[in-house]
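Colleague: Please take a close look at a single part of this structure for me. I would like one connected account of what packs and what pairs there, with the reasoning spelled out where a label depends on a threshold.

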Amino acid sequence: MAFEDRFRRPAAHEELISALAGKEGPFSAMVDVLMFAAVLGRHKNKREPFDKAGEPIRLALVEGRQYGDVLIDMIAVAEEPDDPKILGDERQPDRVNIFEEYANGGLNFIQGEVNASGGHDYVSIVSTLVMESLTAPDERQNDVSELMQAAELDW
């Protein structure tokens with residue numbers, strides 16, 4: 001079975017993607033923007049479908065990034081933890097779709113931050129989002145720690 005070797009980017013966010021990957025933006029390439037947006041979308045629980053797509057991006061560009069080769073798989077497994085078949089070759093389109101929708105949700109969130117700030121200091125906005133994620137307490141981490149202690153396992 002042949003698989004699509006590309007993923008879609010939401011047409012509604014073409015301007016934002018270009019700005020984030022432009023001279024004044026924090027990312028060096030559009031694929032980096034979409035990878036960050038997908039992780040942000042997953043972190044914020046914002047999976048948002050879209051119909052209209054811009055120019056697609058080759059999946060090989062994601063796979064060529066550090067940890068990019070597993071990013072799409074990790075997001076899919078986090079989304080479908082009870083479905084081990086999500087990692088099967090025949091389910092690649094499903095994994096890519098999950099990635100695309102989380103990227104769209106992340107881009108919507110970033111656009112909201114841009115609108116709320118009243119400016120286009122993309123570096124500052126992305127830096128703030130990263131710092132908030134790093135410093136915010138992670139409830140899941142607390143749950144994992146409690147389970148580890150209950151099982152008398154060393155973290």
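Modeller: Asp-94 counts as partly exposed because its relative accessibility of 34% falls between the limits of 20% for buried and 50% for exposed. This is a predicted model, and in it the side chain of Asp-94 meets that of Arg-91 in a salt bridge, with an N to O distance of 2.5 Å. Asp-94 falls within helix H5, which covers residues 92-117 and packs against H2 at an angle of about 85 degrees, the two axes being 6 Å apart. Since angles from 65 to 115 degrees count as roughly perpendicular, H2 is therefore roughly perpendicular to H5. On the H2 side the meeting involves Val-33, Leu-34, Met-35, Phe-36, Ala-37, Ala-38, Leu-40, Gly-41 and Arg-42, while H5 brings Phe-99, Tyr-102, Ala-103, Gly-105, Gly-106, Leu-107, Phe-109 and Ile-110. Sorted by class, the residues of this contact are 13 nonpolar, three polar and one charged.

Leu-107 of H5 also appears in the surroundings of His-13, which, once neighbours within four places in sequence are set aside, is in contact with Asn-104, Leu-107, Asn-108 and Gln-111. His-13 itself sits in the loop between strand E1 (6-7) and helix H1 (14-20), and it counts as buried because its relative accessibility is 6%.

Helix H2, spanning residues 30-43, also packs with helix H4, residues 68-79, here at an angle of about 20 degrees and with the axes 11 Å apart. An angle under 35 degrees counts as roughly parallel, so that label applies to H2 and H4, and their crossing is left-handed. The residues that make this contact are Met-35, Ala-38, Val-39 and Arg-42 from H2, together with Gly-68, Leu-71, Ile-75, Ala-78 and Glu-79 from H4. They divide into six nonpolar, one polar and two charged.

Arg-42 of H2 and Glu-79 of H4, both named in that contact, belong as well to a network of salt bridges in which Arg-42, Arg-47, Glu-79 and Glu-101 are linked. Within this network Glu-79 pairs with Arg-47, and their closest N and O atoms are 3.0 Å apart. That pair joins distant parts of the chain, since Glu-79 belongs to helix H4 and Arg-47 to the loop between H2 and strand E2 (57-58), a separation of 32 residues. Glu-79 counts as partly exposed because its relative accessible area is 23%, and Arg-47 takes the label partly exposed at 29% relative accessibility.

A further pair involves H2: the side chains of Arg-65 and Asp-32 form a salt bridge with an N to O distance of 2.7 Å. This link, too, spans distant parts of the chain, with Arg-65 in the loop between helix H3 (59-63) and H4, Asp-32 in helix H2, and their positions 33 residues apart. The partners carry separate labels: Arg-65 is partly exposed at 26% relative accessibility, whereas Asp-32, at 16%, counts as buried, because the limit for buried is under 20%. To place these pairs in context, a search of the whole structure finds 10 salt bridges, among them the pairs Arg-91 with Asp-94, Glu-79 with Arg-47 and Arg-65 with Asp-32.

Technical notes
Residues numbered from 1 in each chain as written. Predicted model: local features only at pLDDT ≥ 70, side-chain atom pairs only at ≥ 80, totals over all residues. Heavy atoms only, no water. Axes fitted to C-alpha atoms, helices over the stretch in contact; angles between N-to-C directions. Helix = DSSP H or I, 4+ residues; strand = E, 2+ residues; numbered from the N terminus. Parallel < 35°, antiparallel > 145°, perpendicular 65-115°, else oblique. Left-handed = near helix turned anticlockwise from the far one by under 90°. Contact = heavy atoms within 4.5 Å. Nonpolar A, V, L, I, M, F, W, Y, C, P; charged D, E, K, R; others polar. Salt bridge = Lys/Arg side-chain N within 4 Å of Asp/Glu carboxyl O. Buried < 20%, exposed > 50% of the residue type's maximum accessible area, 1.4 Å probe, protein only.
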